[in-house]
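User: I am new to reading protein models and would like to learn how to look at one step by step. Could we go through it together, beginning with a single residue and then moving outward?

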Amino acid sequence: MTLSRIGQIALPVSNADRSEQFYGDSLGLPKLFRYGELVFFDCGGVRLMLEGSGKAPVQAGTGVCHYFKVEQIEAVAAALQAKGVVFEAAPHLVAKMPDHELWMGFFRDPDGHLLAVMEEKR
């Protein structure tokens, strides 16, 4: 048996409606469907499930970050900021690799989950 690609990532949220707006309208992820308090988005072939059970307070995971690969990171960050996304750290050079530079910019969703945009500049 060999595991390969991730099919779905589950993320707990405190308010499914608010998170649906953030991930759909602010981040521009294509919504696949909604079933009750579960909202599903497509992230380049990986399904993101926002789970809004509302049963317990949501605690953002320590040391967990979801990274979105983009091109033209500065332009993407500017477009997200225009939609109200607040960056903790503007896109910046993280590491120089032999064949590219790794750039990242960090922000949080309404529940405090750490998210980032990343670009491998060649």
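User: Is Phe33 buried, partly exposed or exposed, and what decides the word?

Analyst: This is a predicted model, and the word depends on relative accessible area, where under 20% is called buried, over 50% exposed, and anything in between partly exposed. Phe33 is partly exposed, because its relative accessible area is 38%. The residue is found in strand S2, and, leaving aside residues up to four places away in sequence, Phe33 touches Leu38, Val39 and Phe40.

User: How far apart are the C-alpha atoms of Phe33 and Met49?

Analyst: A distance through space should be read beside the separation along the chain. The C-alpha atoms of Phe33 and Met49 are separated by 9.8 Å, while the two residues are 16 residues apart along the chain.

User: Which residues make a nonpolar surface patch with Phe33?

Analyst: Leu32 and Tyr35 join Phe33 in a nonpolar surface patch of about 350 Å². Leu32 lies in strand S2, which spans residues 31–35, and Leu32 counts as partly exposed because its relative accessibility is 43%. A general idea is useful when you look at side chains along a strand: in a regular strand they alternate between the two faces of the sheet.

User: In what order do the strands of the sheet that contains S2 stand?

Analyst: To read a sheet, follow its strands from one edge to the other, and then ask how each pair runs. Here 4 strands form an open sheet in the order S1-S4-S3-S2, and the pairing is mixed. S1 and S2 stand at the edges with a single partner strand each, so one side of each has no neighbour in the sheet. From one strand to the next, the twist averages 20°. Helix H1, residues 16–26, packs on this sheet and touches S1, S2, S3 and S4, its direction making about 15° with that of S3.

User: Which strands run parallel to S4 and which antiparallel?

Analyst: Strand S1 (residues 8–12) and strand S4 (residues 46–51) run parallel and are joined by 5 bridges, with Leu11 standing opposite Leu50 in S4. Strand S3 (residues 38–43) runs antiparallel to S4, and 6 bridges join them. Within that pair, the bridge partner of Phe41 is Leu48, and that of Phe40 is Met49.

User: How many residues lie between S3 and S4 in their hairpin?

Analyst: For a hairpin, look at the two strands and then at the turn that links them. S3 and S4 have 2 residues between them, and Gly44 in the turn has a positive phi of about 60°.

User: Where do S5 and S6 stand in their sheet?

Analyst: The reading method can be applied again. An open sheet of 4 strands has the order S5-S8-S7-S6, with mixed pairing. Strand S5 (65–69) and strand S6 (87–96) stand at the edges, each with a single partner strand, so one side of each lacks a neighbour in the sheet. On average, and with direction ignored, neighbouring strands of this sheet are turned by 25° against each other. S6 pairs with strand S7 (residues 101–108) in the antiparallel sense over 6 bridges, and among the paired residues His92 has Met104 in S7 as its bridge partner. Helix H2 (residues 73–82) packs on this sheet, touching S6, S7 and strand S8 (114–121), and the direction of H2 makes about 150° with that of S8.

Technical notes:
Residues are numbered from 1 along each chain as its sequence is written. This is a predicted model: local features need pLDDT of at least 70, side-chain atom pairs count only at pLDDT 80 or more; totals for chains, interfaces and linings use all residues. Side-chain values use heavy atoms; hydrogens and water are left out. Patches are made of residues with over 30% relative accessible area and no salt bridge: like charges are joined within 9 Å, nonpolar side chains (Val, Leu, Ile, Met, Phe, Trp, Tyr) within 5 Å. Accessible areas come from the Shrake-Rupley method with a 1.4 Å probe; for residues, only the protein chains shown count as cover. A salt bridge is a side-chain nitrogen of Lys or Arg within 4 Å of a carboxyl oxygen of Asp or Glu. Buried means under 20% relative accessible area, exposed over 50%, partly exposed in between (1.4 Å probe, protein chains only). Two strands pair if DSSP finds at least two bridges between them. Axes are lines fitted to C-alpha atoms, for helices over the stretch in contact, and angles run from 0 to 180 degrees between N-to-C directions. Contact means heavy atoms within 4.5 Å.
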